Amino acid sequence: MAAFIAKQMVGNQLKSVKAATGGALGDKDEESKEDGDGGEDPEIEEARREAEEKRKEKHRKMEEERETMRQSIRDKYGIKKKQEEEELLKQQMDSAGRVGRKKKTPAELAAEANAGEEEDDEDEFAMPKNLDEFKSKVQDIPQKLTQTVGEVSEKCSLQ
């Protein structure tokens with residue numbers, strides 16, 4: 001760690017000396033690095049751009065050929081193209097910038113509603129259907145409370 005700090009301090013001073021002398025003491029490698037930060041030779045940039053365009057065109061053509069092959073196989077064997085996967089991918093692309101969760105489809109909402117109704121029937125804490133059941137549950141609460149307190153006080157002793 002100390003070596004790193006020392007190198008940073010000495011390196012900064014050395015750079016200031018090189019700058020003051022006009023770069024006469026500087027290495028050619030450092031000068032080429034400074035020049036090559038953003039300004040490459042235009043011919044090299046053009047060659048890279050053209051190579052990238054050729055590569056993209058090649059991949060596009062290959063994908064078109066693959067798709068025609070897939071379609072011929074689908075036609076030959078009578079297979080239907082899966083639209084769901086394409087729609088799912090499209091939705092993912094559309095919702096890529098979303099912060100929240102994805103929107104539920106009407107089928108998902110209906111399934112949740114049906115599942116919620118079934119759970120309500122089984123839930124023992126559900127609201128009673130009539131007032132008499134409600135009154136009986138309210139009257140049972142003090143009895144259950146005193147019973148629970150009695151059980152806890154038997155198990156625990158205060159010292």
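The structure holds 10 salt bridges, and several of them serve below as landmarks. The model is a predicted one.

The overall plan of the chain comes next. The chain contains 6 helices and 0 strands, and from the N terminus on its elements follow the order α-α-α-α-α-α. Of the 159 residues in the chain, 2% are buried. The accessible surface amounts to about 15,400 Å², and carbon and sulfur atoms account for 56% of that surface.

The walk along the chain may begin at helix α1, which covers residues 2-20. Its 19 residues should span 27 Å at 1.5 Å a residue, and the C-alpha atoms at its two ends are 27 Å apart, so the expected and computed values agree. How much of α1 is buried? The number of buried residues among its 19 is 1, and therefore the helix lies largely in the open. One of the residues in this helix is Val10. Val10 counts as exposed because its relative accessibility is 53%, and the cut-off for that class is over 50%. Val10 also takes part in a nonpolar surface patch of about 590 Å², which it makes together with Met1, Phe4, Ile5 and Met9. After α1 comes Gly22, a residue with a positive phi, near 85°.

Helix α3, which runs over residues 42-77, deserves a longer stay. This helix has 36 residues, and the distance from its first C-alpha to its last is 53 Å, close to the 52 Å expected at 1.5 Å a residue. Within α3, Arg49 is a good place to study salt bridges. The side chain of Arg49 meets that of Glu46 in a salt bridge, with an N to O distance of 2.3 Å. The side chain of Arg49 also meets that of Glu53 in a salt bridge, with an N to O distance of 2.6 Å. How far apart in the sequence are the partners? Glu46 and Arg49 are 3 residues apart in α3, about one turn of the helix. Glu53 and Arg49 are 4 residues apart in α3, which is again about one turn of the helix.

The accessibility of these three residues can be read in the light of the cut-offs, since a residue is called partly exposed when it falls between the buried class, under 20%, and the exposed class, over 50%. Glu46, at 32% relative accessibility, is therefore partly exposed. Arg49 has a relative accessible area of 40% and so is partly exposed. Glu53 is likewise partly exposed, because its relative accessibility is 44%.

Further along the chain, a network of salt bridges links Glu63, Arg66, Glu67, Arg70 and Arg74. One of the pairs is formed by Glu63 and Arg70, whose side chains meet in a salt bridge at 3.2 Å, N to O. Glu63 is partly exposed, with a relative accessibility of 36%, and Arg70 is partly exposed, at 34%.

Another member of this network, Arg74, is also found in helix α3. Is Arg74 buried or exposed? Its relative accessible area is 14%, so Arg74 is buried. The side chain of Arg74 makes a polar contact with the side chain of Gln71 at 2.7 Å, and a further polar contact with the side chain of Glu67 at 3.4 Å. When its neighbours within four places in sequence are left aside, Arg74 is in contact with Glu67, Ile79, Lys80 and Lys81. Just after α3, Gly78 takes a positive phi of about 70°.

The last stop is a loop. Lys104 lies in the loop that joins α4, residues 83-94, and α5, residues 106-122. With a relative accessibility of 35%, Lys104 counts as partly exposed. Which residues does Lys104 touch, if those up to four places away in sequence are not counted? Lys104 touches Leu109 and Glu112.

To review the main points, the chain has 6 helices and 0 strands, and 2% of its residues are buried. Helix α1 lies largely in the open, and in helix α3 Arg49 meets both Glu46 and Glu53 in salt bridges. Arg74 is buried and belongs to a network of salt bridges with Glu63, Arg66, Glu67 and Arg70.

Notes:
Residues are numbered from 1 along each chain as its sequence is written. This is a predicted model: local features need pLDDT of at least 70, side-chain atom pairs count only at pLDDT 80 or more; totals for chains, interfaces and linings use all residues. Side-chain values use heavy atoms; hydrogens and water are left out. The expected span of a helix is 1.5 Å times one less than its number of residues. Buried means under 20% relative accessible area, exposed over 50%, partly exposed in between (1.4 Å probe, protein chains only). A polar contact is a pair of N or O atoms within 3.5 Å; within protein, one must be able to donate a hydrogen and the other to accept it, and residues adjacent in sequence count only if both atoms are side-chain atoms. Contact means heavy atoms within 4.5 Å. Accessible areas come from the Shrake-Rupley method with a 1.4 Å probe; for residues, only the protein chains shown count as cover. Patches are made of residues with over 30% relative accessible area and no salt bridge: like charges are joined within 9 Å, nonpolar side chains (Val, Leu, Ile, Met, Phe, Trp, Tyr) within 5 Å. A salt bridge is a side-chain nitrogen of Lys or Arg within 4 Å of a carboxyl oxygen of Asp or Glu.
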